[in-house]
Amino acid sequence: MQYWLVFFLLCLPPTQIRGWTVVPRAPVALSSQKVVSGCSWSNRRWQHATTITSSATANQHSCQRWMAAKTTRSTTEGETTSASVAPDPTNIKGDTTTLTAPATTATITRQAPETTAPPVVELVPDGDEKSMLLVKQKNINDVSSNDDEINNTKNVVIALLWAIAVLSALDRVAMAVALVPMSEEFGFTDGVKGSISSLFSVGYGLFILPSGLLVASVSPRFVMACGIVIWSLATMATPGATGLGGTMALLLVARACVGAAESVVMPTLQRLLASWTKPDEKSAVMATIFAGFHGGTIAAYVLSPLIIDWFGSWREIFLVYGTFGIALLVPWLVFARDGPNDLKLPSASATDNSSSMAGEPVSTFSSKLNSAIGQFKEAPWKDFFQSKGTWAMLLAHCSKNWGLYNTLAWTPTFYYEQYGIGVRDSIWLSVLPSISGAIGGLVAGNLADGVIRNLPERTDEALTNVRKVFQSIALYGPALTMALLASNIPEDPQIAQFFLMAVVGFQAFVVAGFEAGNQEKAGTKWAGLLYSITSLPAVCVGTFGVWCVGQVLDATGQDWSIVFYMNAFVNVLGATAFLALYNSKREFD
């Protein structure tokens with residue numbers, strides 16, 4: 001009866017057993033050898049032939065958990081996969097019987113299915129009368145819409161990432177708003193304001209690569225929590241830094257700390273979305289989270305003047321936003337998960353820690369640090385830098401950051417210097433471009449995913465074309481718009497606002513360009529690190545751009561036409577390089 005169950009499972013159609021691994025369990029009280037053969041279906045291009053030889057002696061029935069000692073797998077189509085399984089002696093709690101079984105050898109030949117995310121291992125406990133332990137390998141790409149636990153957790157993670165995007169934008173843009181009253185109080189020039197804004201990016205750039213390495217080996221949930229704590233405390237310390245010592249040194253250090261801590265956001269986000277999202281939903285999810293960045297920018301422009309009016313000082317802006325960050329830490333730690341395989345297994349003990357898999361102990365911080373160092377040595381550095389796709393994303397990222405950093409840092413100053421409009425009066429002039437960016441990103445993300453879902457065949461070439469089209473819009477579009485604005489800056493600020501709305505709306509198409517393409521290129525393990533590699537020079541370029549604009553404004557008597565022409569030229573360079581070099585072929589996973 002026990003082996004008829006094995007035979008039945010092996011003869012199921014491939015559509016029913018796809019993704020399942022049958023692990024033989026030693027029969028109870030047997031001393032003979034048995035051989036069970038499976039079936040093959042050549043017309044379905046799926047072969048499954050299993051030979052199981054096992055012998056064991058035992059005296060009573062009990063459940064038994066098997067652990068793999070060595071596994072060698074090749075994903076090459078048609079290759080033979082061999083696994084040597086050595087069961088550990090197990091003494092089930094509440095049962096005084098100890099079962100011991102010799103090693104079992106299984107040989108499986110099949111066409112390996114394509115996957116882009118790590119499997120979720122779900123142990124299905126068998127009854128006393130069964131002789132098999134079934135291990136289901138569930139991939140996020142195979143999760144159905146009615147798999148409530150995984151889909152609900154995914155939605156919660158995406159919602160929390162959206163909230164973190166709002167928070168990071170709040171703490172970043174707060175300085176752009178506060179610089180206007182700070183300049184009146186301390187007499188800052190445009191060059192000094194550019195230096196203050198740039199120090200955020202300096203801290204970000206110094207730590208973006210270590211952050212990418214960290215999330216490749218340490219729990220992304222843990223890394224994000226640490227980042228939230230540090231940048232929220234540094235934000236709250238900013239007002240005090242301006243009043244100590246009578247110099248800007250402490251203020252610059254505080255802003256650098258905020259930037260360093262926020263460097264974990266994008267690598268962590270890339271790593272989490274690589275685990276949680278399917279290929280045909282990546283662009284839309286990225287757009288949703290990027291709408292959070294725009295939402296945070298809108299909130300900073302709207303709330304900051306109100307906070308100034310309410311408290312009578314710009315200092316409370318930083319205290320309020322820092323407190324919000326500490327409060328957000330609670331739901332993140334309670335509800336966030338690293339990926340589908342971080343959910344509790346049905347057979348796991350209720351006392352198991354949710355961050356460990358199948359009862360593994362929680363790693364100490366030192367072991368995580370050692371793991372990060374190991375990832376640094378293991379990372380395919382040579383392949384990264386020899387890849388044309390990496391260089392394409394790097395150059396596009398540099399162009400994007402040049403425009404993004406200048407937009408965030410200088411928009412309020414542009415309205416103030418060009419039209420004499422203060423912070424309170426420029427709320428909607430600054431907010432509407434961010435609303436345009438949020439809408440543009442959502443349109444681009446859903447449109448790109450719709451195109452990918454309707455592809456007759458989802459090939460690397462087809463995905464490459466999709467990413468190139470949307471990335472071109474994200475860079476050529478702003479370049480054309482800024483060139484038009486620079487040619488004749490209008491006297492009406494609302495017309496200038498229309499141009500800036502178009503710039504930010506076009507920029508948002510990047511969510512369906514290299515932002516989503518990064519996950520396709522790197523896969524789950526290296527998505528965060530690859531993004532960090534392209535981010536490091538991009539942060540340097542963006543930081544230089546903010547500083548450079550300040551110097552140009554001082555040198556030209558605040559001539560904004562030169563600034564917009566310069567930004568347009570940088571965007572054209574990045575778009576052209578991306579079109580020439582990029583492809584979506586997976587290279588590093």
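**Salt bridges and a nonpolar surface patch**

Four salt bridges are counted in this predicted model. Three of them are described below, followed by a patch on the surface.

E281 and K154 meet through their side chains, with N and O 3.1 Å apart. This pair links distant parts of the chain, 127 residues apart. E281 sits in the loop between α7 (265–276) and α8 (282–311), whereas K154 belongs to helix α3 (residues 148–186). E281 is buried because its relative accessible area, 18%, is under 20%. K154 is buried too, at 9%.

The loop between α7 and α8 also holds D280. D280 forms a salt bridge with R458, and the closest N and O atoms are 4.0 Å apart. R458 lies in the loop between α13 (427–453) and α14 (460–487), so the pair ties together parts 178 residues apart in sequence. D280 is buried, with a relative accessible area of 18%. R458 is partly exposed, at 41%.

A further salt bridge joins E515 to K400, with 2.9 Å between the closest N and O atoms. E515 is in helix α16 (residues 514–556) and K400 in helix α12 (residues 388–419). The two are 115 residues apart. E515 has 0% relative accessibility and counts as buried. K400 is buried as well, with a relative accessible area of 14%.

On the surface, V156, V330, V334 and F335 form a nonpolar patch. Together they have about 350 Å² of accessible area. Helix α9 (residues 315–335) gives the largest share, three residues. V330 is placed in this helix. V330 is exposed because its relative accessible area, 53%, is over 50%.

How values were computed
Residues are numbered from 1 along each chain as its sequence is written. This is a predicted model: local features need pLDDT of at least 70, side-chain atom pairs count only at pLDDT 80 or more; totals for chains, interfaces and linings use all residues. Side-chain values use heavy atoms; hydrogens and water are left out. Patches are made of residues with over 30% relative accessible area and no salt bridge: like charges are joined within 9 Å, nonpolar side chains (Val, Leu, Ile, Met, Phe, Trp, Tyr) within 5 Å. Accessible areas come from the Shrake-Rupley method with a 1.4 Å probe; for residues, only the protein chains shown count as cover. Helices (H or I, at least four residues) and strands (E, at least two) are DSSP runs, numbered from the N terminus. Buried means under 20% relative accessible area, exposed over 50%, partly exposed in between (1.4 Å probe, protein chains only).
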